[in-house]
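Here are a few notes to read alongside the model. I hope they help as you look around.

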Amino acid sequence: MVKSMKMPVGYHKHCDKCYNVHCQVPAQTSVSCIVVKCHKNCGASLHMCKQEEHQLLCPNEIVPCLNVYYGCPLTMLRHRLAKHLEVCPASLVCCSQEWNRWPISETDLTFYRNVSENPVVNTEENLDVAMAHRDQEQLFQSIKMKNIFPELILEDSAVQNIAAGINSPADNACCSVDSGEYTENGSAKLDEELSQEERDTLAKCTDVTSIQNYSSWEKIFNKEKEGCKQTIKNLNKGEKGKEKEDQESSTSQKELHQGGECPVTARTMDGATGLAPWQDGVLERLGKEVNIAEYNMYLVHNGVMLINFGQLAACTPREKDFVYGSLEPIEVKSVRTFNVPTSYRAKRNHLKDPSRKAQTTHQSVDTSDLGISIEDLPKCEEVSTTLLCSLEKELKGHSISESVSTDGLYTDIGTQTYIFSSAPFKQDASLADVIAGKPCRLYLYIEAESVTRRHNKTSSAFSYMCGHYFRRDEYCFHFKNVHSDIQASLNGWFQQRCPLAYLGCTFTQMRFHPTGQEAIVKFSKDGSTLVLQPKANSSLCAGGKTFSPKRNDAQNLDPLSSLPLEIIQHIAGYLDSFTLSQLSQVSHLLREVCATLLQERGMVSLKWEKKKHSSEGSSWICQKKVWKFSSQFSSVDRWSFSDTPSMSNHLGTCSFYQREDRTEPVALPCLGEVRDKHGKLKHKR
């Protein structure tokens, strides 16, 4: 018998399968209902019982944004969701543009030394130098000295304390056999002087090294403690059993002397009836009385005691082993099966002519053989050596000692050590921490190479990624203006350098500006990106400080904040995202004005925080929602040439442009041949 299903409230049998907008079926209880139109005016006609279901599909229903769980607070009609996603503040795109930079070679140090020493060059208008410095800072912060030079890292304080305790002399430790207490370096005296309250306070103190491992240690110690208690209990039972057997044997002996015989008592005297691990013959009796499963379980639980009481051997004796009992020791001989191929040709000089072979000896060589103390040895430069070892680690792994096979017969074993003036390094030290406080130099080329799909990243170059976040409607303009127009054309087209830069000249000039407006491209260190700065009229910047009236008699405001609020909001509506982010840092009033444009022009992201649980686990939770403006400047559709003078004007005054005048005639190599041919033709005539 099939149990009938209970229909939901408001269910109509006819309406469930009716899709006719002109349905004329009269309304009947639990059968059908009337046809109505959507009250949101979407044009749909449906049975009245389906209105709640229609709300899930109605295009005129007000619903939250699809990215509501990612921070978007806006609600809108359902048919506008797709169009809203293009400008949704929570629909963000991370720019994944990548490029490479090579480390500077020793032959190109002149230009980069002048760039580092000249403060005028390190400005925001020198885009290639500023971006190279930005990439270099990111690289130095990402390189951890622990991964490159693990042998030069300071040991952890806890490890040092343990090592100091292990290596301490035995004279400083004493052991009291009578009391069973162990004291080291007079620690027992300290315990005797402490009261019970002080001991409890000391036990509850959390300022202890590696306190996070307390629970693991406590579990191990509890298991060991319970094991010791069980062993002592078993030993006590064994002693009581032996005493009981002695008493029984003495009693039976008395009865025998008195002339009475009891066969059961005589059997118990020999220990032939008990199943305790210390009784003789217990394994033989178990094998006859119980099955194999119970026998194996008995061995699992009492195996240690059986071995201690000699009932079970810890290992199989050799004479009883049927596999290895009859084997004899065989002498191990090293057999070399490698033969040099007949086609092998030795490429070494000493193999070709043995008479010219230099006298060599196999000997370990160290820096002490030089006769120079470690303090007098030349120190390595931190940055250059670390960059070299970092690239080595990326290619084949950095190692202190590395064996290299040069051919089929010989192997070179080399040892490479490094001595730094700032060593040893801290556990979490990066390359940026090591060179902090030292003069900043440029160690990477200012020319950047774009990364393609076919690029092999396992090379001697460092890769970088843009990594900036933008709204979906801003990303296309960012990629076009920043990466395609500016960054890809810095080397000689968008920004032009002196042709004598290889000699050390640092002169540069910008060749383009946005069409229709006078603006220059600069590098912002705060935003770590390229920005567009309009050229302001000199009259607006002249005049120095201006008087600003007081508002609410609380604070002096800047001239822009003294304007009416409506005008400030109108001005802020024309600004780009990067300018709004800078304007919000001027004053509290301007920050509040910019905050009103966050939902329209800004973007929101979730800030996650790692939370540790009491059960030795962790999870990530959303701490808060962060609203901010992106680093995108006003989009530029076209670029025009700037009114900059020609580079030839600079060459006329460039200090590196030195002409060498030649007054003496120099014979060209081809003139001799021409003269000989001319003489032969003249001789024939």
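Throughout, buried means under 20% relative accessible area, exposed means over 50%, and partly exposed is in between (1.4 Å probe, protein chains only). This is a predicted model, in which local features need pLDDT of at least 70 and side-chain atom pairs count only at pLDDT 80 or more, while totals for chains, interfaces and linings use all residues. Side-chain values use heavy atoms, with hydrogens and water left out, and residues are numbered from 1 along each chain as its sequence is written.

1. A good place to begin is the loop between β17 (519–524) and β18 (529–534), where Ser 528 is found; helices (H or I, at least four residues) and strands (E, at least two) are DSSP runs, numbered from the N terminus. Ser 528 has a phi near 55°, a positive value in a residue other than glycine, and with a relative accessible area of 17% Ser 528 is buried.

2. Do look at Asn 41 as well, in the loop between β1 (35–37) and β2 (45–47). The phi of Asn 41 is also positive, near 60°, but Asn 41 is exposed at 68% relative accessible area. Most residues other than glycine have a negative phi, and most peptide bonds are trans.

3. On that second theme, Ala 423 and Pro 424 are joined by a cis peptide bond, with omega about 0°. Pro 424 sits in the loop between β10 (411–415) and α15 (431–434).

4. Next, helix α4 (residues 127–142): its 16 residues should span 22 Å at 1.5 Å a residue, and the end C-alpha atoms are 23 Å apart, which agrees. The expected span is 1.5 Å times one less than the number of residues. Of the 16 residues of α4, 12 are buried, so the helix is largely enclosed by the rest of the structure.

5. How many salt bridges does a search of the whole structure find? There are 6, each a side-chain nitrogen of Lys or Arg within 4 Å of a carboxyl oxygen of Asp or Glu. One of them pairs Arg 101 with Asp 135, with the closest N and O atoms 2.6 Å apart. Arg 101 belongs to strand β6 (residues 98–101) and Asp 135 to α4, so the pair ties together parts 34 residues apart in sequence. Both residues, Arg 101 and Asp 135, are buried, and they are linked with Arg 134 in a network of salt bridges.

6. Helix α4 also takes part through Asp 128, whose side chain meets that of Arg 497 in a salt bridge (2.9 Å, N to O). Arg 497 is in strand β14 (residues 495–497), 369 residues from Asp 128. Asp 128 is buried at 6% relative accessibility, and Arg 497 is buried at 15%.
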